[in-house]
Amino acid sequence: MSSVTPADVLARRRDLLLKGDIDGFVDLFAPDAVLEGPFTGPQGASLRLEGREAIREYSRQIMAAPLRLEDFETVEVYQTQDPEVVIVELRTKATVTTTGRAFTATSIQVFRIREGRILLFRDFADPRGLEDVLFAASRG
């Protein structure tokens, strides 16, 4: 049994993402991990990725967007009755690099973390705020 707690994994995730270390971030996932975004696909459709390499490819595409991550502010972490499952309220602060426009996106994230690896990452983010910012950026 790993002595790495879910809080340790989430702190590591934050550090890696803020450094832009996508491979390090994705390596936090188990090989058969699942990433779900019920509202984050095109035009609010759901997204489901299965396996670390699918998550790696998707993460690289996201990081190629004209965004600079400034901070992940954890508002609250809720430990569920299942010790592997935590729920996180998060504010992500970023800047659109093409316009300099700053924005904050909020989300609720559910994680299942076992032995220091993320098995499930379910992100309930409202995509409208990001879509609005990126649409404005594309219009100049």
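Two strands are taken to pair if DSSP finds at least two bridges between them. In the predicted model described here, 4 bridges join strand β1 (residues 29-37) to strand β6 (residues 117-125), and these two strands run parallel. Within this pairing, Phe29 of β1 has Ile118 in β6 as its bridge partner. On β2, β1 is likewise joined by 4 bridges, but here the strands run antiparallel, with Val34 standing opposite Glu50 in β2. Strand β1 is mostly covered, 7 of its 9 residues being buried.

These pairings belong to an open sheet of 6 strands, in which the order is β2-β1-β6-β5-β4-β3 and the pairing is mixed. The edges are held by β2 (47-50) and β3 (67-79), each of which has a single partner strand, so that one side of each is left without a neighbour in the sheet. On average, and with direction ignored, neighbouring strands of this sheet are turned by 20 degrees against each other.

Two helices are described against this sheet. Helix α1 lies across β3, β4 (85-96), β5 (102-114) and β6, and runs at about 170 degrees to β3. Helix α3 (residues 52-63) also packs on the sheet, where it touches β1, β2, β3 and β6, its direction making about 50 degrees with that of β1. One residue of helix α1 (residues 6-19) is Leu18, which is partly exposed, with a relative accessible area of 28%. Leaving aside neighbours within four places in sequence, Leu18 is in contact with Leu69, Glu70, Asp71 and Phe72; of these, Leu69 is 51 residues from Leu18 in sequence, yet the two C-alpha atoms are 6.2 Å apart in space. A further approach between parts separated in sequence involves Pro66, located in the loop between α3 and β3, and Val96, the two being 30 residues apart in sequence and 5.7 Å apart from C-alpha to C-alpha. Pro66 is partly exposed, at a relative accessible area of 30%.

A search of the whole structure finds 15 salt bridges. Among them is that of Asp27 with Arg56, in which the closest N and O atoms are 2.9 Å apart; because Asp27 lies in the loop between α2 (22-26) and β1 whereas Arg56 lies in helix α3, the pair ties together parts that are 29 residues apart in sequence. Arg56 also meets the side chain of Glu53 in a salt bridge (2.9 Å, N to O), and these two residues, 3 residues apart in helix α3, are separated by about one helical turn. Arg56 counts as buried at 9% relative accessibility, while Asp27 is partly exposed at 34% and Glu53 is partly exposed at 48%. Asp23, Asp27, Glu53, Arg56 and Arg60 are linked in a network of salt bridges.

Another salt bridge is formed by Glu84 and Arg112, with the closest N and O atoms 2.9 Å apart. Since Glu84 lies in the loop between β3 and β4 and Arg112 in strand β5, the pair ties together parts that are 28 residues apart in sequence. Glu84 counts as buried at 17% relative accessibility, whereas Arg112 is partly exposed, with a relative accessible area of 26%.

On the surface, Phe39, Ile108 and Phe124 form a nonpolar patch that together has about 240 Å² of accessible area. Of these residues, Phe124 has its place in strand β6 and counts as partly exposed at 31% relative accessibility.

Note on methods:
Residues are numbered from 1 along each chain as its sequence is written. This is a predicted model: local features need pLDDT of at least 70, side-chain atom pairs count only at pLDDT 80 or more; totals for chains, interfaces and linings use all residues. Side-chain values use heavy atoms; hydrogens and water are left out. Buried means under 20% relative accessible area, exposed over 50%, partly exposed in between (1.4 Å probe, protein chains only). Contact means heavy atoms within 4.5 Å. Axes are lines fitted to C-alpha atoms, for helices over the stretch in contact, and angles run from 0 to 180 degrees between N-to-C directions. Patches are made of residues with over 30% relative accessible area and no salt bridge: like charges are joined within 9 Å, nonpolar side chains (Val, Leu, Ile, Met, Phe, Trp, Tyr) within 5 Å. Accessible areas come from the Shrake-Rupley method with a 1.4 Å probe; for residues, only the protein chains shown count as cover. A salt bridge is a side-chain nitrogen of Lys or Arg within 4 Å of a carboxyl oxygen of Asp or Glu.
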